[in-house]
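I opened the model today to look up a few local features. My notes are kept in the order in which I checked things.

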Amino acid sequence: MNLQDSAQRGRSYSFLDFTLDAASQRLLRGAAEVKLRPKSFQVMLYLVENAGRLVTREELLQAVWREVAVTDESLTKCVADIRKALTDDSQEIVRTMTRRGFLFQAEVRLIYPPHIHPRPAHNETPASVEFPHPAPGAIAERNPSPAQPGLSPRKPLNRIAVAGAAVLAAAAAGLLTSRLDRPRRSEPVYTQITNFPDSAVAAALSPDGRMLAFIRGEEFFLSPDQIYIKVLPNGEPVQVTHDSRAKYAPAFSPDGSLLAYTLVAGRSREQWATYSVSTLGGEPRLLLPNASGLTWIDSRRVLFSEIKSGFHMGIVTATVARAESRDVYWPAHERSMAHFSYASPDRKWALVVEMNPEWQPCRVAALDGSSPGRLVGPKGKCTSAGWSPDGKWMYLGVQVSGSHHLWRQRFPDGQPEPLTSGPTEEEGVAVAPDGRSLITSIGTRQSAVWLHENSGERRISSEGFAVGRHEGFAAAPVFSPDAKSIYYLQRLESPESASVLWRSDLESGRNTEILPGFAIHEFDISSDGNEVVFSTRAVEGKAQIWLAPLDRSRPPRMVDSSMGSKASPHFGPRGTVLFLNSEGNANYLFRMDRDGSNCAKVVPYPIATLRNISPDRRWIVTLAPAPADTGVAMTIAVPTSGGTARRICGACVAKWAPDGKFFYVSVRSPSQKDRGKSVAIPVPPGDTLPVLPDKGILSLADGMALPGARLVDEADITPGPDPFTFAYVKTSVHRNLFRIPLP
């Protein structure tokens, strides 16, 4: 359909709290008209009619200007007019796809004849929202009436929530390519279950399917946010936890009277515990210590994860009193942690979700412990799983190439098939008792690098998706040694595109791509600011480590090493390269020369992950298994020339300022209502580390008790030259729970 057709047929479109009337060439926000130049209106109309689909610049020029020769500048000015009219400064509605075109991301409803939807009551939940599946798109044709109010409510434009609120419902199932002038086909109906302005994740259904538990927050795993229960379909969500400690994996008891969940107070095995709370309300109580990811097999036995030693976590089954315990599955590597498990309906198999230290592909193992089984699903990061009630299908939530969607695979020997796709992401699997649907969290995530200064905050990364610590500690942004620039990884076109290295000049604001053509996983900048060492994604289990000059005076050179699964490269002292490598069933800190020779362990004890290194290259921060006297996994500083480590804190983030004068330790994790806290600790002249408590910093009070300590209102930061200047990755997430019909 062309623009003239839309005007002649009197078509109008509704999105957010706007109405676009093609016949009268007017844009309305509520009842008020928003002025747009005629050409800007035509550009907007074309984008709206093709919502959810990439529209190239060439296509727009042809559609709007037809045979008139114009420059790209005319189109750029029209897009700027549109963003101004929509107050879309952050490109959360009209998104520029670099070197490709534009994507209109809001949910669009066709109104024929023109009609403005009534605003729903405050607590009203939409009855159903129809979306095609699985092709991309965003327009649904409707002729609404007061007797048919079951449409997604429009939300006020909000810069924090609009990316999800607009895109969430628009692409929830993966979404629409069929044009409006084609015959309609039968399409699955996605029913919205929650309608929060923020996020809901980690859905769990009661055995009878009448109650839904979830975490109201952005993170499904180790979340400081709270758990709610909602009676389906239209009950009011009720908060059942009031605890800022990390939690995950809500699960109902067989009779639906109890809700169990994992509460993590530290990183010792005693502090990964399962608590339960009555579904009618009340105080939570300890159900099982050293037990996480718990689910019920029947009224007597439970399936859960426990820690054997260090970080080594496996799957066991026992009675609720922990009698008759039996191993089900233990990962071979001592760093691996099997966090979730789901028993098949016939109680012969278990789907297992594990990490080492990243999430691994899902596994199906024998429930009687006789076999470790095999990997299932696509190759990617599996974070959730479930079974069909008849046991014929496995449902998996997997991140493939950076984008998280749902998959299914016929048991026992089928091939993985995608259930969802498109610009939104789906996380979590809660299969309904009748097997006809599942509930999952659907939404969007946007991220950018921001700089905090005394004068305020500003975004410094170019458009795209900034990579943060969640993809590796050596993937987080870093200041240059002179603190005049920030280096960061960014995905330009989509969350699943390759991450590339960029540099932002803080004085001029200019952003420059450093190593075109390289998809970089983790990196470190040399102390003189002249070189970068980086790793590329693993090839057949082996990562590649490269060295390159930042001025591109020479081509990048791969470090020749015959060792195995290397990760987290850092420049070490005296021209060496430090990295993490597996040996046997554990990880160790290694060093090698710049040509890959003289590989050797730095210290004899195992570590879990490499995090950050001091500017003088004398100490490197790592995460290590729990010492006997604390029972808590510790972030430690390891001397890069070998020797005794020093304790810093529990499982926290610890970093140095570029000049080494301050040492920063996170002391409170971020949550839905709090960005977290860090403490900036002065480092005495001539030293690399401040004087810390013998057992490390285990609380905010411990940190603030140190001489000269200053509080920073952000948990995960890249320190700058002083405690008032730091960079961080700001992530905007909006997710809600939807019921998805199963094929």
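The entries below cover a helix pair, a sheet and its edge, and some salt bridges.

**Entry 1: starting point.** I am working from a predicted model. I kept residue numbers as counted from 1 along the chain.

**Entry 2: helix H3 and its neighbour.** I began with helix H3, which spans residues 57-65. I asked which of its residues are buried. I found Leu60, Leu61, Ala63, Val64 and Trp65 in that class. Just after H3 comes Arg66, and I noted a positive phi for Arg66, near 50 degrees.

Next I looked at how H3 packs against helix H4, residues 72-85. The angle between them is about 85 degrees, and the axes are 11 Å apart. Angles of 65 to 115 degrees count as roughly perpendicular, so H3 and H4 fall into that class. From H3, the contact uses Arg57, Leu60, Leu61 and Trp65. From H4, it uses Asp72, Ser74, Leu75, Thr76 and Cys78. I sorted these contact residues by type and got 5 nonpolar, 2 polar and 2 charged. Leu60, Leu61 and Trp65 appear both in the contact with H4 and among the buried residues of H3.

**Entry 3: a four-stranded sheet.** I then turned to an open sheet of 4 strands, ordered E16-E17-E18-E19, with antiparallel pairing. Which strands are at the edges? They are E16 (246-252) and E19, each of which pairs on one side only. On average, neighbouring strands here are turned by 35 degrees against each other, direction ignored.

I followed the E19 edge further. E19 pairs with strand E18 (residues 272-278) in the antiparallel sense, over 3 bridges. In this pairing Tyr275 stands opposite Leu286 of E19.

**Entry 4: Arg285.** Arg285 belongs to strand E19, residues 285-288. I wanted to know whether Arg285 is buried, partly exposed or exposed. Its relative accessibility is 45%, so Arg285 counts as partly exposed. Leaving aside residues up to four places away in sequence, Arg285 touches Leu258, Thr274, Tyr275 and Ser276. For Tyr275, which is 10 residues away along the chain, I noted a C-alpha separation of 5.4 Å from Arg285.

**Entry 5: salt bridges.** My count came to 23 salt bridges. I wrote down three pairs and one network.

- Arg29 pairs with Asp17, with the closest N and O atoms 3.4 Å apart. Arg29 lies in strand E3 (residues 26-29) and Asp17 in the loop between strands E1 (12-15) and E2 (18-21), so the pair ties together parts 12 residues apart in sequence. Arg29 is partly exposed at 30% relative accessibility, whereas Asp17 is buried at 11%.
- Arg363 and Glu354 meet at 3.6 Å, N to O. Arg363 has a relative accessible area of 16% and is buried. Glu354 is buried too, at 5%.
- Lys381 and Glu358 meet at 3.8 Å, N to O. This pair links distant parts of the chain, 23 residues apart: Lys381 is in strand E28 (residues 381-387), and Glu358 is in the loop between strands E25 (349-355) and E26 (362-366). Lys381 is buried at 15%, while Glu358 is partly exposed at 27%.

As a last item, I noted that Arg26, Glu33 and Lys35 are joined into one network by salt bridges that share partners.

Definitions and conventions:
Predicted model: local features only at pLDDT ≥ 70, side-chain atom pairs only at ≥ 80, totals over all residues. Heavy atoms only, no water. Helix = DSSP H or I, 4+ residues; strand = E, 2+ residues; numbered from the N terminus. Buried < 20%, exposed > 50% of the residue type's maximum accessible area, 1.4 Å probe, protein only. Contact = heavy atoms within 4.5 Å. Axes fitted to C-alpha atoms, helices over the stretch in contact; angles between N-to-C directions. Parallel < 35°, antiparallel > 145°, perpendicular 65-115°, else oblique. Nonpolar A, V, L, I, M, F, W, Y, C, P; charged D, E, K, R; others polar. Pairing = 2+ DSSP bridges. Salt bridge = Lys/Arg side-chain N within 4 Å of Asp/Glu carboxyl O.
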